[in-house]
Each structure stands twice: as C-alpha cells, then as structure tokens.
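Me: I'm new to this one and would like a quick tour. Could you show it to me before we start?

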Amino acid sequence: MKLAEKIRAGERLSFEDGVALFCEPDLLALGALANEVREKRHGDRTYFNKNMRIEVTNVCVASCLFCSFAKLEDGAPGSHTMKLEEAWAELEARMHDPPNEIHIVNGLHPGLPFSYYEELLRGFKRIKPDVVMKCFTAVEIHFFARHYGMTYEEVLTKLRAAGLDGLPGGGAEIFHPDVRSRISGDKATGDEYLEVHRVAHRLGMRTNATMLYGHIETFEHRVDHLLRLRALQDEVCNGAPGPRVPGGFQAFIPLAFHPDGNGMKNLPAPTAIDDLRTIAVSRLILDNVDHIKAYWVSSGADVAQVALRFGADDLDGTIVHETIYHAAGSRVPQGLGYDELVRLIREAGRIPIERDTFYNVVREHPRVALPESAVKVRDRKAGKHLEGRARSERAEELLRSSLSEAKRLKVLS
Amino acid sequence: MNLRVAAVGYLNARPLWHALANREDVELSLAAPSEIARMLAEDECDVALIPVAAAAALGDAVLIDAGCISSRGPVRSVVVYSECPLEEIEELALDLSSRTSVTLARVLLKDRPLRFRGMQPDEALAFARGPKRGAVVIGDPALEHEGKFAHTFDLATAWRERTGLPFVFAAWYARKPLEPRHVDLLQNARNIGLKSRDSIAKNESERRYLHESIRYDLDDEAREGLARFFVEAARASLLPPVSPKTSLDTLLQRAADGERLSIAEGERLLGEASLFDLGLAADAVRRRKHPDDVVTYIVDRNVNYTNVCTTSCRFCAFYRPVGHAEGYVLSRETLGKKLQEVVDAGGVQILLQGGLNPDLRIGWYEDLFRWIKSEYRLGLHALSPEEILHIARLEGASVRDVLERLVAAGLDSVPGGGAEILVDRVRRKIAKAKCTSEEWLSVMRTAHHLGLRSSATMMYGTVDTPRERVLHLAKIRELQDETRGFTAFFCWDFQHETGVRVDAGDGGTNIYLRTQALARLMLDNVDHVGASWVTQGPDVGQVALRFGADDFGSVMFEENVVSSAGTTYCIDAAEIERRIRASGFRSVRRNVKYEWLTPPS
C-alpha cells in the first residue's frame, strides 16, 4: 500500500485515497497511521473543556429523518421553548463552578423574534462576561437569514454584537445532495452550510464542522464531505503567505447516527469499528484542520477513549446536560465530570489539557504513571505492517457488506 | 534486613543450605520446587534455589554464582519408573513438583508418541504400576522407590549420553543481582555444606548419593549444559528462549510468531509496547490459530442459583450474607421458566453459578443437575472452582469425589470464574475468604484430569500490578501445559460501584485492549480468547476482536453479578452476528467445546 508512504511524506490525499482508506480492512494499521499524524501534530496533548450545552427550543420547521429531538410545531406534545430567564438560570445555577463555554443549538423555531437570540446571548454575558458563546449551527444562521430577511453577514454581525464568539459545527450531516435531499431536504443545503462558515471565517470567526455518518450514505459520500470541508479550509489558511487569518475550522467532529425514535429507526446504528475508522480517516484527509474530536456523547466514553489513539486529540467537554443524542437513544451519561475526563485521557496514556473554546490552554495536567503513559511508546511495527501485507479479499468483502447493510435495508422508498 | 532465602528441602539440596539454617541474618524457607519458584516470582524471597525451568519462565532471573545441583551421570533421583520397558510406555505420569525434570523428560522423549499426565508423586507412583505406563519421579520419592520397579530410566544419564554435558537441575537465582556479601554468604554455606555431607546423609546410600550422584559446582561445563538445555527446551516450545535483552521490535515479532514469552518479556510488552503493536501482534496470533476469519459465540444463559454467600469479597455487589432478607435460592419453578426460555431461543447450555451457600448440600446439586438434564437436555457449564471447593469442604469429601459425583449427575464443563488474580497477595486483599491461587488451580487440574474442559478468566484492576497480571497468565499457561484442559480465556477489569469496598485501580478501554492482547500473546497454548462484551460493552467487545479475540462470548438473557455492579447490556444473537460481521469476521454459533454448530455466515 503506497498510501502510508504518501501520508508520511505529507502529501495530500485524493478522493480515491480516501475511499481506499475507508475500505482498508486492517483497522489497527489504519489507526496506527492516523495516530502517527496525530502525534506529529499534538504529541500526547489531548484537549477537553469545561462547557455546558443548552438547547433552548426543540420546535423546528425542518423534518430531518435522523432527528429524534425536534418537535415540528410549537405546542406539539413534548415541545419546549425556554423563557430567556430559564435559559440564563442554567448558567446561574452553575456559577459556583462556571463553564468556560456555552454551546447552544436549537430547532428552527418560526415564532420567535430575532431579538430573542440577541437577548439570549447578552443575558449570558451579563452573568459571566468572559464566558465564550459558541452558538447556533450554520443551519440556524441560514434559517435566521431567510426568516428575518437578512444576509448571513448581517445575521452574524448582529449576533456577534450581542455576544456570539464562534459557531458550532452541527447541521453539516452529509453535504452530498443525493443523501442530503433524502434525509434533510428542507433546511440549508450543503453549499449553504459551507457558505455560512465561509462568511463567518471571513469575519474572523473560528468554527467547527461535523459529519453525521452511518445512515444511508456511502464511503464515497463521506469522502466527498471531508473534501468539501478541506477545500473551504484551504481558502482561509492554506498556502497564503503572511500572518494566519484568524478564522477557519478549528475542529472536525464525526457524529454517529443514532436510530431511536426518528425517521430512520429501522437502520442499525454504526458500530464502534465504524466510529474508529471514521475518526482515523478524517484525521488523515483533513490535513489542514488542527483538531479531530472524539465526541464522547456520540460514541460513548469508552470508545472515545480508544479513539484518542486512532487520530482524535479532543474529547469535547463536560457538557452537563445533553438532550439531542439522548432523544435518539444514547445511553451514555448526559454529562461527564471534570475529573472523569481527566481520568479517561490519562488512562489512554495521554496528557489532559483543559482548553478554552479557541484551544488556548487553561490548565495542563501532569502525565501520570499508568501503563500506557509510564514509558513513551512508539508504534514501531504498525506502519510497516500496513505496507507489506497481502490484502485479505475476504476481510474487505466482509467489511463492505457489513457497511452496506444499511443500504440493503432500503428504509427509504 | 535479613536475607530471605528459599530452597528446596530435598536431600540433594541440603548441602547448599544446611549452613544457612541457623543463621540469624537469614530467613530460610523450605518448600517444594514449584512453591520456591512461585515465591521468587512473587517477591516473597530475595534469592532462591529454583528449578532452572522456572528461571527460564521468569525470564529476568539472575543466576547467582554459588553452586548448583547437577549431575554428570546417573542421578538416581530423576528417573522414569515403569513395569514395562521404556519403549512400550504409552502413558507417562509427570510428577508436577518439578518443572525442570518434567521438561527434561519431555525434551528427551519428545520423539516418542507419549501421552503425558501430570499428577502428585504418590498418584504417579501408583499409576506407573499399570500396563504400558510409566512415571517421572523425582527427589526423595525417587530414592525411596529405587529398585522397586522392573525398569528404571535415569534422565541425567540419558542427557549425558545425548549431549556429553552435565545436567543442571537447580541453581541459585535472584530477581536482581545480589550484594557481593550475600553471594559470599551462599558460597561459604555451600563450602561448609559440602564438607558436612557425611553428617547430612542418614545412611550409606544417601552418602553415596551426595558424593557421587550430585555435583555442586557451577563450572563452565555445568553452565554449558544449562545453556544447551534452555536451547533444546525452547526448540521444543517447552520454555521461552533465553536471549539477551532484545529490542522491542524483535520481542513483538517473536510474540507475533507464537514463540513462548517469559514473564519478564510479558511484563515488558505490557509496559512498553504501544496499543497498536500489541494489537497487531495479538491479531497475527489470532489469525494463525483461526485462519478462517471466524468469530464464534454461544447461545446460553447465565443463571445465578443463589446469592447467599459466605465469602464477602470486597469487590462484589451481588452477594448477600446468610440470613439476609434479600438472600435467595431459585425455586425449580423459576429455574424451569428460565431454562425453557433458553430452549425456546435455541440455546445449548446454561452457565450455572452462585454464592457459597452453606444450606445447599451436594445432594441438592445432584438432584438439580439430573432434573435439568432430563427435563431440558441443556449443557451444564456449572460451578466455578470456588463453589466446588465449598461443596467439598461442606461434605468433608475430596474435590475429586465431588467432581466425580457431579459429573455422574450431568456436569459437562467448569466455568473459570473466581480466578480474579491468581497471586495470593492480591487475593488476600480483595477476597480474603476465597481459595488460594493454588487451590483454584488444583480444582481445575482435577477437573481436567477427569476429562472436563473449562474456561479461564482474569479480573484485574483492583490492587494488582501489571506484573501480577502477567504472573496470573503464566500460571494458567503452566497448568495448560500439563492438562490442555482450558478451552478459552476471558479477562475484564474490575467493575466499580459505590458501596463496594475496593477502589478501582487500572481501568479503561485502552488498558483492557492491551491486557487482552497480551493474554493472547502469553497464552500460546490456549486455543481461544474471548472478548468480554458483557463487562466492556458491545462496542469495546467489537474492537477487542481486533486485539486477539476470536470469540464474542454469549448472548445475554440475564446476568446478575456484574450487573449488580452497574454494568447492564442485553443483546441477542442477531445483534451479536451483526457486530461480528461489522468487525470484518464471519460469525459461527458454537457449543461449550467451541465446536461449530452453524456454518460461517
């Protein structure tokens, strides 16, 4: 396999390379390569933050098939929209040990005034002026622009004036129209999502990006998705001489599809093997994005811990009270304690670093002498392994058939 | 600090330690060879006169230049006794108290189609009276039975004829170099001991034995004989190869190639090799042992017949003490309902385990087993060693008698639970009332001799150190050499829950994967390694299939012990098969002997 050499030489991977990596049956060899790239970039440094998630409304005009969270109409059973005071109270209740970041994503609520969101941001900043507001996905920004008759730039500028600091990466799903039109046809398109981020980057904002995998998409769709992100990131940061532009994607977060209670509930969820594979390939393709995040809510803390050796360098944060994945059947806890995150990272033999939203170091924790971390370990043989071995056709066939299982079920007419 | 010395109590060793016996600055322990080896491995002594095979298994033992026990010709105390000529022997009993003699016998007889059976010295001697049978007998029992069998085959003579070299049976070893004054102490003791041989010997036969049969010089020739033995035993895959400090790469390659690893090498891999390197080596071993890319699983049900237990293990959240309001013993009615569900789901066996309930006598188990067999025809994978010992104690019967009765009532195989860590330092801390490591192993040995197969397990992550985990694996491997009775190995980390009185030690997914991979590498003589998805979760279980496991355990109807510690997952056969396929394998349903019940799919 020539890919390993290409990756070590720092050459950029092509579409075909990406698909080949997804098809590589030897998960460990793939992981070892991604780990090499990750360690070259970050060594053992592994990031997390003290954040809290708030979802202020689950009323949503979009009808995404994968969503178990949104309620289509205000007043529908289970629908809920927080009063501003209720939302602020969530922070007030945590001021004894305040988060550094508040992460807000919502349904696309047609009945709220734009000022609701501006006031929402202002209120949090009044309570804690230095709290970082990482709020509203590109899909929400697009919805605001349409709904309130503004350009993306106007929306972002107004929200920034009210306290917005960065955009989360949600809403990306799968960009390719063949998939997107079928699973979430009535919200921002892939191009529109990317355009919102482009504008945000131009304004000097830093944002994240995601990909929802493991439903009806193919490997080709995943690679296409990653390449679109890489191309946009190139516009901001690649090749241009001079000081680095402040904007751009900071982190990429693969999100595993969870099937409970949504329009694709007949589909099986992707398994841990797919989670690790996707983390690893993302690390290898996205050569211009600094961080790959193993979002523990998506994969479970145990698999996220392994992912820290498969290319990921970030575990997200304490989160406190997640509701979107939990609506889709996630059985992980809704939040993790600070110490728990430190422990997870240490057990993986890494150095835990509490960061702020923008990856400034808040606190660096010392390494401890657990078996993985007692000695600096190197993957001596793994790289060689990938190059020399004859491919197992049967393994590759099994892999492809297991991953196309979803498609065979033909849940969509 | 006094020097802690351990030595074999046999007559032939006496000249080496005789002069140490009454010294105030020496703590001398005398025991059987295997126990001395264990003491050195578990740091219960500073220097030990151990069988050289045990030193090779340790891998990092330092040879101390203070004499040895060797022989250049007939040794008289390491022999095969039989009533028929050697060439006619078909079954050979091995006296397990010395691995060196056993290894020597296997090296010398490796080209002969013999079946080996390990047993205690008196059993072995009785066994050797049978037709086409023989026994390797060592030490004092060998001398006592000199001339009492029709045929004697002296192993030291055979070695001398084959190699022209002396054979070293035992030598002084330490785990780190001794201070010069301690080496002097041992050397002086030997010199005094050699002069005292006449007073040590009780009769002329013993005097001749000490003067003529046994040599005590660790000279160049003896060292050469020792080196030759290590090479030949390694070539026959009986001992890990003795090699100078190798690079981690070489070690990984050797492990992947299936060469036997010493305890020190296992410890080094666990501490220094990366997650991927361990995984790839374990995966290579898995692929060689199971080239079909098949992962098996079983449809069975874990039934916990009682939660009443007298051991009060500190890590257990399941048990209730005798007389507690929440204590239960399952009624036939409840049990019948559960068993019918297993039959309905196409299940092939039940895993029956429970607490040590003093109200349940052997008759209760026999009736139960017979009833299950006649009503439901399910395989009975039942009663861990601890429960078997408990029944034996309760009945005042031997383990062998209990097992024979249970087998007659329908017992098919023995689960490997309760092993925890087979190092008594750990067991004393977390499960004081439980059996010792040796007791656990000896129940398994007896079960295997009766033809029962069993699994082996390890629960790590309490107070155990990485080295103790490796020692655990080495003990399983050693017993497996002897009996070939273990079908599979499973490990998991301690499942912590509030209320349990043990703090969690090393845990987490990476350590689980590393530990399982190391087990695959160390346990070169165990066919199967299972992923413990019940404790680690099905996600990690899947990943574990890439770290050396070739079995996905069982479908879960219920499980009570681990789930009382807060771990609950329930997945059915279809979901297990999906996960096996998603990991790149074909799935096969198996029975307790790992025989395939379905074609790969």
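Me: Let's begin with chain B: among its contacts between residues at least 6 apart in sequence, what share join residues at least 24 apart?
Reply: This is a predicted model, so keep that in mind throughout. Take the contacts in chain B whose residues are at least 6 apart in sequence, then pick out those that join residues at least 24 apart. The share is 78%.

Me: How many helices and strands does chain B have, and what is its radius of gyration?
Reply: Chain B has 26 helices and 20 strands. For its 601 residues the globule rule gives 25 Å, and the chain comes close to that, so it is as compact as a globular protein of that length. Its radius of gyration is 25 Å.

Me: What does the C-alpha trace of chain B span, and what percentage of the chain's residues are buried?
Reply: Along its principal axes, the C-alpha trace of chain B spans about 75 × 50 × 50 Å. Of the 601 residues in chain B, the buried ones make up 54%.

Me: Over to chain A. Which strands are the edge strands of its open sheet of four strands?
Reply: The order in this sheet is S9-S1-S10-S11, with mixed pairing. The twist averages 25° from one strand to the next. An edge strand pairs on one side only, and here those are S9 (314–317) and S11 (361–364) of chain A.

Me: In which sense do S1(A) and S9(A) pair, and which residue of S9(A) stands opposite Tyr47(A)?
Reply: Strand S1 (residues 45–49) of chain A pairs with S9(A) over two bridges, in the parallel sense. Opposite Tyr47(A), in S9(A), stands Asp314(A).

Me: Which helix lies across S1, S9 and S10 of chain A?
Reply: Look at residues 338–347 of chain A, which run at about 145° to S10(A), the strand at 351–355. That helix is H15.

Me: Are H6(A) and H7(A) roughly parallel or roughly perpendicular?
Reply: The axes of H6 (residues 138–148) and H7 (residues 152–162) of chain A come within 9 Å and cross at roughly 110°. Angles of 65 to 115 degrees count as roughly perpendicular. The contact is made by Ile141(A), Phe144(A) and Ala145(A) of H6(A) with Tyr152(A), Val155(A) and Leu156(A) of H7(A). That crossing makes the two helices roughly perpendicular.

Me: Last one: over residues 239–243 of chain A, how many contacts are there beyond near neighbours in sequence?
Reply: Chain A has a mean pLDDT of 85, and 86% of its residues reach 70 or more. Over residues 239–243 of chain A, though, pLDDT is below 50. Beyond near neighbours in sequence, the number of contacts this stretch has in the model is zero.

Notes
Residues numbered from 1 in each chain as written. Chains lettered and ligands numbered in written order. Predicted model: local features only at pLDDT ≥ 70, side-chain atom pairs only at ≥ 80, totals over all residues. Pairing = 2+ DSSP bridges. Axes fitted to C-alpha atoms, helices over the stretch in contact; angles between N-to-C directions. Contact = placed C-beta atoms within 7 Å. pLDDT = per-residue confidence, 0-100. Rg over C-alpha atoms; globule rule 2.2 N^0.38 Å. Buried ≥ 20, exposed ≤ 12 C-beta atoms within 10 Å, placed from the backbone. Parallel < 35°, antiparallel > 145°, perpendicular 65-115°, else oblique.
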